[in-house]
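Me: Got a minute to walk me through this model? I'd like to start with the core and then move on to the pocket.

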Amino acid sequence: MTTAPVRDQDIATPSKPKAVVRIGDRVFSAASVAAGSLILFVLVLVAAFLVWQSIPAFNAEAGTLPNSAANFWTYVGPLVFGTIWSAFLALIMAVPLAIGIALFISHYAPRRLAPVLGYVIDLLAAVPSVVYGLWGIVVLARLVKPFYAFLNEHFGWIPLFSGPLSGTGRTILTASIVLAVMAIPIMTAVMREIFLQAPTLNEEAALALGATRWEMIRMSVLPFAKSGIVSAIMLGLGRALGETMAIALVLSVSTNVTFQLLTPLNPSTIAANIALQFAEASGTALNALIASGLILFVITLVINMLARYIVRKRVS
């Protein structure tokens, strides 16, 4: 008895199940794409508006800009210096404190106390900036005057603490302390969550091998949280660069470029200068303020791009 050969078309091939696309998934996907595109569209519109309104300031003649500046770059240079200098000083003070507070809440504080401390830190982030500015004028400036006098008298040979001493305490160092206090909550909140996500098995293994708690944190927690720490620092830097009311209340408008921290003549920041001068500005002076806002926009954008690059490099 012979059997007929089996042809390929006679073999039944199992059909692949069709993927079921739900309406909710389509709506969510479309909404996500639309939201992301809207953000980019608004960002482009803001950049275009700033560039368009800044052209008269870039082409302005000598004497038509505020403070009788020779050109726009002479006008905005001291403001850029004050913005970066105050943010740098704030980060020097805020980063160690933020890391220490986050580590204490996540690895040292008792379990009942840790949530309470976390809530307090999150509450500090909700305090309006004008309140911090008033605190800096009324409370902090008076408290730091004796300390500034001590620094100027005993460490005046250091250029940072030299020069005439401010009689009000409203210096660039006071403004940087206020910025540091404002940046600490958001940095601490991000670092705390990153530290809590560190692998528990690695921590327990380090402790089982005889490591102290600090050695366990140094070998297991901090390497895991490097990218998160960088992201938190950049968030704090963004808060310090763009702060307006607190700096406007603490510092007086000035065009000085100096590294001295205790003198009454301090460099101002771009955001504070815009807030103080915008109401009375007109013509080319208004275009100069908008152009300085464009410079701050570019600085913030560059810093965010740098942060993304650092985080991506560390993750990879």
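Reply: Sure, here is a quick tour of the core, one acidic residue and a pocket. The model is predicted, so to speak: local features need pLDDT of at least 70, side-chain atom pairs count only at pLDDT 80 or more, and totals for chains, interfaces and linings use all residues. Residues are numbered from 1 along each chain as its sequence is written, and side-chain values use heavy atoms, with hydrogens and water left out.

Me: Which residues touch the most other members of the largest nonpolar core?

Reply: F72, Y75, M187, M191, F195 and L261, out of 73 residues. Such a core is a set of buried (under 20% relative accessible area, 1.4 Å probe, protein chains only) Ala, Val, Leu, Ile, Met, Phe, Trp, Tyr and Cys residues joined through side-chain atoms within 4.5 Å.

Me: And what gives the most to this core?

Reply: α2, with 16 residues; helices here are DSSP runs (H or I, at least four residues), numbered from the N terminus.

Me: New topic. Is E203 buried or exposed?

Reply: E203 is buried, yet has no salt bridge (a side-chain nitrogen of Lys or Arg within 4 Å of a carboxyl oxygen of Asp or Glu). The nearest side chain of opposite charge, R213, is 8.6 Å away.

Me: What is E203 in contact with, beyond its neighbours within four places in sequence?

Reply: H107, F195, A198, M216, S220 and V221, where contact means heavy atoms within 4.5 Å.

Me: Where does E203 sit?

Reply: In helix α6, residues 200–208. α6 also gives the most to the lining of the largest pocket, with three residues.

Key
Buried means under 20% relative accessible area, exposed over 50%, partly exposed in between (1.4 Å probe, protein chains only). Helices (H or I, at least four residues) and strands (E, at least two) are DSSP runs, numbered from the N terminus. Lys and Arg count as positive and Asp and Glu as negative; His and the chain ends are not counted.
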